[in-house]
Amino acid sequence: MAIPTKILLEIVTPDRALIREEVDEIQLPGSEGYLGVLPGHTPLLTTLMVGELWYRVGAEKHFLSIAGGFVEVLPDRVTVLADLAERAQDIDIARAEAAKRRAEERLAKPSSDLDFERARIAMMKSLIRLQVASRARTRV
Amino acid sequence: MPSLIDLRRRIRAVKSTQQITKAMKMIAASRLRRAQDRVIASRPYAQRMLQVLHGLAPRVDPEAHPLLQRGSADGRPLVIIVTADRGLCGSFNSNIIKAAGQFIATDGRGPVTLGLVGRKGREFFRRRGFDVLIEQTGIFQRLSFAHAQEIANAAIEAFIDGRASSVHVIFNEFKSVMTQRLVVDQLLPIPKLEGDAVAGADYLYEPGPEAIFADLLPRYVQAQVYRALLESNASFFAAQMTAMDAATRNSSEMLDSLTLYMNKVRQAAITREIIEVVSGASAT
């Protein structure tokens, strides 16, 4: 079987199908670490953590923020089922900043273990979103 | 016989009611569109999830996970009832409440715990002294996956620590604008997944298949709850639209008959006046 030259990337959240596009390369925030996917990848199923996802079409890179979910990788197809996914250009920077400040406040005075864990995740989410958003602005 | 002025007033009242029902119908129709789109938009996620689960099922011991096992014997069944927050939607809420009552009486086998979503259901069951575990009102205006997660997680927790022996959800499924179907779904324990040995054959699993499976099952329950909420929301607007359409039609019928009656009364009054004038003239 010939190695496919493109990957069909699908990103689906509970609310909608966000992306369905032919791409050349993808990088995903897997729960065991970031992983890159090129066409012809071995079938793989893995969970995702909070992080940054990018995909490349030609020379153009697109960034997204992802929070939790899982991904199914096939040689010619990648399906991401994310709890939350946002394109870099859709991220509301003011909201992400506010969320980060809230999380910082809660981290400063943790009341219980559960709260601490939740605040930590919220913190990570907001940091990732800010990071992804900044990429959208710097890209030419 | 009512006077002309009374009739005119009555007609005006009916007309303004009709304006309101007409406006409500329009609003329901536009919201229905949006709700319908969301139901459709949520389908790919649920379908994909199911595919992956089916691929995984033969590779793990399905009995190993607590969400797949029979619930504890001392727990009570948990019934999640999805109603709407508002009325003026025909028999939408009363159908659900009736079906829930029947379910509790026949299938419940003894006392049950309730999960109430929507204000109408809460108002009904609260007053009747049921044991309520989950309560969510006013979520339909800004419905998001987070709401479904909250409800699903509460149900999962109750199931795992033995308070709930099973979890069912009762809601209106959106078939079309004219028909909504009442559905009683078993949420937990998760009905047996048929394994599809081919689909998951030579995958790499990272972390192991069991870990992914354990991660997926709660998500699956969340997606199921989310679907129930979205379907119920779309059904609500469909029911409201139909009800308001019927109300608008009824009021225009009423207007017709009232106008006819008013004209008769007017004519009778004119005839009487003429007779009076004529008889007055002939008397002199």
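What percentage of the 140 residues in chain A is buried? Buried residues make up 46% of chain A, where buried means under 20% relative accessible area, exposed over 50% and partly exposed in between, with a 1.4 Å probe and protein chains only. The model is predicted, so local features need pLDDT of at least 70 and side-chain atom pairs count only at pLDDT 80 or more, while totals for chains, interfaces and linings use all residues. Residues are numbered from 1 along each chain as its sequence is written, chains are lettered from A and ligands numbered from 1 in the order in which they are written, and side-chain values use heavy atoms, with hydrogens and water left out.

**Stop 1: chain A as a whole**

Select chain A. Its C-alpha trace spans about 60 × 35 × 25 Å along the principal axes. The chain has two helices and eight strands, in the order β-β-β-β-β-β-β-β-α-α from the N terminus. Helices (H or I, at least four residues) and strands (E, at least two) are DSSP runs, numbered from the N terminus. Of the contacts in chain A with a separation of 6 or more, 53% are between residues 24 or more positions apart; contact means heavy atoms within 4.5 Å.

**Stop 2: strand β7 of chain A**

Select residues 60–74 of chain A, which form β7(A). In this strand 13 of the 15 residues are buried, so β7(A) is largely enclosed by the rest of the structure. Strands are said to pair if DSSP finds at least two bridges between them.

- Add residues 44–48, strand β5(A), which runs antiparallel to β7(A) and is joined to it by five bridges. Here Leu48(A) stands opposite Gly69(A).
- Add residues 51–57, strand β6(A), which pairs with β7(A) in the antiparallel sense over seven bridges. Tyr55(A) has His62(A) as its bridge partner. The two strands form a hairpin with two residues between them, and Gly58(A) in the turn has a positive phi of about 60 degrees.
- Add residues 77–87, strand β8(A), which is antiparallel to β7(A) and joined to it by ten bridges. Ala67(A) has Leu84(A) as its bridge partner, and a hairpin of two residues joins the strands.

**Stop 3: Ile128 of chain A**

Move to Ile128(A), in helix α2 (residues 113–138) of chain A. Ile128(A) is buried, with a relative accessible area of 12%. Apart from neighbours within four places in sequence, Ile128(A) is in contact with Tyr34(A), Val50(A), Gly51(A), Glu52(A) and Ser65(A). Show Ile66(A) as well: 62 residues separate it from Ile128(A) in sequence, and the C-alpha to C-alpha distance is 8.3 Å.

**Stop 4: the open sheet of chain B**

Switch to chain B, where an open sheet of five strands with mixed pairing has the order β3-β2-β1-β4-β5. Strands β3 (131–136) and β5 (180–188) stand at the edges, each with a single partner strand, so one side of each is left without a neighbour in the sheet. Neighbouring strands are turned by 20 degrees against each other on average, direction ignored. Axes are lines fitted to C-alpha atoms, for helices over the stretch in contact, and angles run from 0 to 180 degrees between N-to-C directions.

Select β4(B), residues 164–174, which pairs with β5(B) in the antiparallel sense over eight bridges; Glu173(B) has Arg181(B) as its bridge partner. Next display helix α2(B), residues 92–106, which lies across β1, β2, β4 and β5 of chain B at about 150 degrees to β4(B). Helix α5(B), residues 209–283, lies across β1, β2, β4 and β5 of chain B at about 35 degrees to β4(B).

**Stop 5: two backbone details**

Most residues other than glycine have a negative phi, and most peptide bonds are trans. Select Leu88(B), in the loop between β1 and α2 of chain B, with phi near 55 degrees. Leu88(B) is exposed, with a relative accessible area of 54%. Then select Pro189(B), in the loop between β5 and β6 (204–206) of chain B. The peptide bond from Leu188(B) to Pro189(B) is cis, with omega near -10 degrees.
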